[in-house]
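Let's take a walk through a protein model together, one part at a time. Have the structure open beside you as you read.

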Amino acid sequence: MYPFDAIVYLQRDDHYKRSDLEQRAQIDAMSINDTKDKVLKIPDRSDYLRDQRRSGQEIMGVLPALYPRELLWAFNILPAEIWDPPGEILLANVHLQASICPIVKRGLEFILKSPEIINSGYLFPHTCDSLQNLGTQVKDLIGVPVPVYTFYNPKGEFNKASKRYYSEILFNLQKTLEKSHGLLSQNQLKAACELGHKIDIRRQMLHAALMEDRFDLSNREYFQLIRAAEYMQGQDYLDLLNHVEINEQIGVAPRARLLVTGILPPGDDILNFLDESRVRIVSEDLLSGSRRIPIVEMDQPDDPMEYLVERFFLLPPCSTKAGGLDKRLQYLKKLIAKSRCHGVLFNTVKFCEPELFDQHFLIKSMKVMGLPVLNLETELQPGLSGQEKTRIEAFLEMLDEGVPV
Ligand code: SF4
C-alpha cells in the first residue's frame with residue numbers, strides 16, 4: 001500500500017514552497033529561450049519514413065499500441081505506428097459510426113489512402129474493441145493491397161495461463177511472418193531484444209530525470225522525443241535518446257508541475273502554451289508513452305522469447321489491459337509522489353471507452369487526495385481553442401492559489 005496521507009502532505013507542502021517570493025523571482029528570471037536554443041534534432045516522421053522506403057526498407061503500419069516491436073525488427077521490418085495522422089477525415093466516415101474515437105477514424109483514413117510507404121502489411125493489436133473491429137473490417141470487408149495481421153493481447157488479471165497464452169500468440173505471429181519473410185534468425189531476435197532492452201533502460205532514466213527536473217527540454221520537445229519511437233529504427237532512436245543530456249543539477253522549479261495521463265500527450269499548441277506559462281509536465285502515464293516501458297529494469301535478454309513474454313507482463317497498469325482499477329490508482333499515486341506534481345491533466349481522446357471506463361474512479365480518487373484535476377477532451381484536432389485556453393488558465397490559477405477543484 002502506498003502512504004496515502006504522505007502524498008497529500010507532499011502536494012500541499014510543495015505548494016507553500018512555490019508561493020515563496022524568492023522562488024517566484026527565480027522563476028520569473030527563467031528564460032524560456034534558454035531551453036528553446038538547445039533544439040533536439042528529431043527527424044520529421046514523413047521524411048524519415050520516405051527515406052527508409054526509398055532505401056528499400058520493409059515498413060509495416062502498426063495500429064496502437066502494444067505489440068512485440070523486437071520481433072518485427074528481427075524480421076527486418078520497421079514498424080510505423082499509426083496513432084493520429086494529420087489531415088481531414090474524408091473517406092473513413094462512411095465506414096464508421098459517428099461515436100468512434102478519432103484514433104480509429106484517422107487510422108482508417110490513412111489506410112484507405114493506400115499509402116505507398118506501407119509495403120509490408122498492417123498489424124492490428126487488440127487494444128480495444130474499436131481497433132479489433134477495425135482490423136476485421138480492413139481485412140474482411142474493405143480489403144487492402146498488403147497483408148493484414150492481428151495480435152490479440154491478453155486482458156484482465158494476469159496469471160500463468162495468460163503467460164502461456166502470450167507465448168503462443170508470439171509464436172503464432174512469428175510463424176505467420178515466416179511465411180512471407182523467411183525463417184526467423186534467433187541471433188537477430190536476440191540482438192533486437194538487446195537493442196529494445198537498451199532503449200527501455202534509457203527511457204526509464206529519462207522519465208526519472210523528467211520527474212527530478214534534470215532536463216533542458218521543453219514539454220513539446222520531450223513528447224516529440226518520446227513519440228519518435230513510433231517511427232524510427234531502433235538503433236537511430238537509441239542514438240537520439242543517448243543524445244539527450246541529463247543534468248547533474250536539479251533545474252529551476254517551474255510555476256507548476258503536472259502529471260498527464262491518457263492515450264496521447266496534449267497537442268503541440270497546448271504543450272507550447274504550457275511552456276509559455278512556465279508549467280512543466282513532470283511525469284506521464286500515457287499509452288503512447290511510459291505505459292509501453294517496463295516498470296522495472298529487466299535483466300539482459302537471455303532467451304529472447306522468454307524475455308518478450310516477461311517484458312509484456314512488466315508493463316504498467318493500463319486501461320486497455322482491463323486489469324484492476326485499484327492497481328492503476330496505486331501506480332498513479334507513486335508517479336504523483338515521485339514527480340511531486342501539483343495537479344493532474346487527463347488528456348482524454350473523445351469516445352475512448354477503455355479510458356472513460358477508468359476515468360470516473362481515478363478523478364474521484366484524486367479529488368479525495370486534494371489533487372486538482374483538469375480533464376481535456378480531444379478529437380486530435382490541431383490548435384488551441386479559446387475555450388481550452390480559458391480552462392487551462394483557470395486551472396493554473398487554481399494551482400497558483402493551491403485551491404483543489
Ligand atoms: S483511443 Fe481508446 S478507443 Fe480509440 S483506439 Fe485508442 S484505446 Fe481504442
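In what order do the four strands of the open sheet that holds E5 lie? The order is E6-E5-E7-E8, and the pairing is parallel. Two terms help here: helices (H or I, at least four residues) and strands (E, at least two) are DSSP runs, numbered from the N terminus, and two strands pair if DSSP finds at least two bridges between them. Strand E6 (279-286) and strand E8 (373-378) each have a single partner strand and stand at the edges, so one side of each is left without a neighbour in the sheet. On average, neighbouring strands of this sheet are turned by 25° against each other, direction ignored. For such angles, axes are lines fitted to C-alpha atoms, for helices over the stretch in contact, and the angles run from 0 to 180 degrees between N-to-C directions.

Before we go further, a word on what you are looking at. This is a predicted model: local features need pLDDT of at least 70, side-chain atom pairs count only at pLDDT 80 or more, and totals for chains, interfaces and linings use all residues. Residues are numbered from 1 along each chain as its sequence is written.

Back in the sheet, strand E5 (residues 256-262) pairs with strand E7 (residues 343-349) in the parallel sense over five bridges. Within this pair, Val260 stands opposite Leu345 in E7. Helix H16 (residues 386-401) packs on the sheet and touches E5, E6, E7 and E8, and its direction makes about 165° with that of E8. Contact means that the C-beta atoms of two residues, placed from the backbone, lie within 7 Å.

Now look for another open sheet of four strands, with the order E2-E1-E3-E4 and parallel pairing. Here strand E2 (77-81) and strand E4 (148-151) are at the edges with a single partner strand each, so one side of each is left without a neighbour in the sheet. The twist averages 30° from one strand to the next. Strand E3 (residues 122-125) runs parallel to E4, joined to it by four bridges, and Tyr122 has Val148 in E4 as its bridge partner.

Two backbone details are worth finding. Most residues other than glycine have a negative phi, and most peptide bonds are trans. A cis peptide bond, with omega of about 10°, joins Pro64 and Ala65, and Ala65 is in the loop between strand E1 (58-62) and helix H5 (69-74). Asn76, in the loop between H5 and E2, has a positive phi near 60°.

Where does the ligand sit? Domain 1 (4-42 + 188-401) and domain 2 (45-182), with bounds from an automatic or database domain assignment, both give residues to the shell around the ligand, so it lies between them. Of the 15 residues around the ligand (C-beta atom, placed from the backbone, within 6 Å of it), Cys101, Ile103, Cys128, Val349 and Cys352 come nearest.

Finally, how confident is the predictor? On pLDDT, its confidence in each residue from 0 to 100, the chain has a mean of 89, and 90% of its residues reach 70 or more.

Notes:
pLDDT = per-residue confidence, 0-100.
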